[in-house]
Amino acid sequence: MPDTDALPRVLLDWYDVHARDMPWRVGPVQRKAGIQPDPYRIWMSEIMLQQTTVVTVRDYFQRFVARWPTVRDLAAAQDADVMGEWAGLGYYARARNLLKCARAVVDEHDGVFPADHAALLQLPGIGPYTAAAVSSIAFDLRHTVLDGNVERVMARLYDIHTPLPAAKPELMARADALTPSDRPGDYAQAVMDLGATICSPKSPACGICPWRDPCAARAAGTQGELPKKTPKKPKPVRHGTVYLAQRADGAWLLETRPEKGLLGGMLGWPGSPWVDTSEPLPHGTPPLDTDWRTLAGEVRHTFTHFHLILTVKHATVPQDTAGDFVTPDQFRPSDLPTVMRKAFDLSQS
DNA sequence: CATACGTGGTC
DNA sequence: TGACCAAGTAT
């Protein structure tokens, strides 16, 4: 059994030297000099980092805080502007909840992020992990973060073979027992940095790990097979049709998708429902009665729980055609979610 | 507890 | 090349 009193100290010492630089992060040296993180930026980064890598988040974060420097700025933004800026980052419910949360902070908390874990948990898009991350990292309160990194580190440190998600309560208990009252914010970032860099999913760098000596999995040689996970279900393949209509002035016929469900609230091309490939290719109802040309090739895209094959139809229509056309000066292909941008790219090739 | 919910990088 | 994986949340 590792000495649980010494472990957090060892990790904090490692973090003092190896903390990675991130645009939202106040590093250990600055923090010791009394500089506190901006809760708005910590919250923003934590929402973006949900199921998303630091490398991907970095540029999105910079664009968001440059465009909306404070939570009040964000709360006052147009929905379509925020969704467009989020396009390509995925999990679009995060963007919808980002706006709801910003407006709740302004309306219910006088524009100031609450430090309290329970209060944070009441806000849209903030669950157990993010509430703990914001209260610890932004306010240096002692809360235990349990994300994918910490789960992996704990499973290895204590050689826990119970598969996820059943192992979560035990992993949380282990993580909580290690969380120190001194520098809990730096500790939270340190244990996640450790999981992201040293204690990685494949071929962990045990030789340079600050916790190599107390690590039970390393002693047992099981680090490569932990954490165990319950097998995933196979992804079905679905297919459908999308319609790209371009007016004489170059404007495109687009629609804002319904708030709920896949790509909710995002810009997209009109099209058919997407059905299993065991069924015939659906054509849906074309948005205009015109001469549609089927483009060569197809769009292939994989979502979290299914593969999609899209047939893309294109038409050039007269200037006086009625509909929600977006003019070239207002159309940014980067406002489209990736699957829709792939259809656009096919029409341009 | 299971499922829906994106995308890009990696091996 | 396809499966796995990433600082999870909502229902």
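**Close-up views of the predicted model**

**View 1. Leu263 sits in the loop that runs between β3 (255-256) and β4 (267-268).** Helices (H or I, at least four residues) and strands (E, at least two) are DSSP runs, numbered from the N terminus. The model is predicted, so local features need pLDDT of at least 70 and side-chain atom pairs pLDDT 80 or more, while totals for chains, interfaces and linings use all residues. Residues count from 1 along each chain as written, chains are lettered from A and ligands numbered from 1 in written order, and side-chain values use heavy atoms, without hydrogens or water. Leu263 isn't a glycine, yet its phi is positive, about 55°. With a relative accessible area of 8%, Leu263 is buried (under 20%; exposed is over 50%, partly exposed in between; 1.4 Å probe, protein chains only).

**View 2. Arg183 is another non-glycine residue with a positive phi, about 55°.** Look for Arg183 in the loop between α11 and α12. Its relative accessibility is 13%, so Arg183 counts as buried.

**View 3. Two cis peptide bonds lead into prolines, Pro165 and Pro227.** The bond from Leu164 to Pro165 has omega near 0°, and Pro165 is in the loop between α10 and α11 (168-178). For the bond joining Leu226 and Pro227, omega is about 0°; Pro227 belongs to the loop between α13 (216-220) and β1.

**View 4. Arg247 is part of strand β1 (residues 237-247).** Arg247 counts as buried because its relative accessibility is 15%. Its side chain makes a polar contact of 2.8 Å with that of Asp249 (N or O atoms within 3.5 Å; within protein, one able to donate a hydrogen and the other to accept it, with sequence neighbours counting only if both atoms are side-chain atoms). Leaving out residues up to four places away in sequence, Arg247 touches Val317, Pro318, Gln319, Thr321, Phe325 and Thr327 (heavy atoms within 4.5 Å).

**View 5. Here the protein meets DNA strand C, with 23 residues around the strand** (a heavy atom within 4 Å). Gln51, Gly125, Asp147, Asn149 and Arg152 come nearest. Of the strand C atoms within 4 Å of the protein, 65% belong to sugar or phosphate, and bases supply the rest.

**View 6. Zooming in on the phosphates, a polar side-chain atom of Asn149 lies 2.2 Å from a phosphate oxygen of DNA strand C.** Gly125 puts a backbone N or O atom 2.6 Å from a phosphate oxygen of strand C. For a polar backbone atom of Tyr129, the distance to a phosphate oxygen of the strand is 3.2 Å. Elements giving two or more residues to the surface near strand C are α3 (39-49), α9 (128-138), α10 (148-157) and α12 (184-197).
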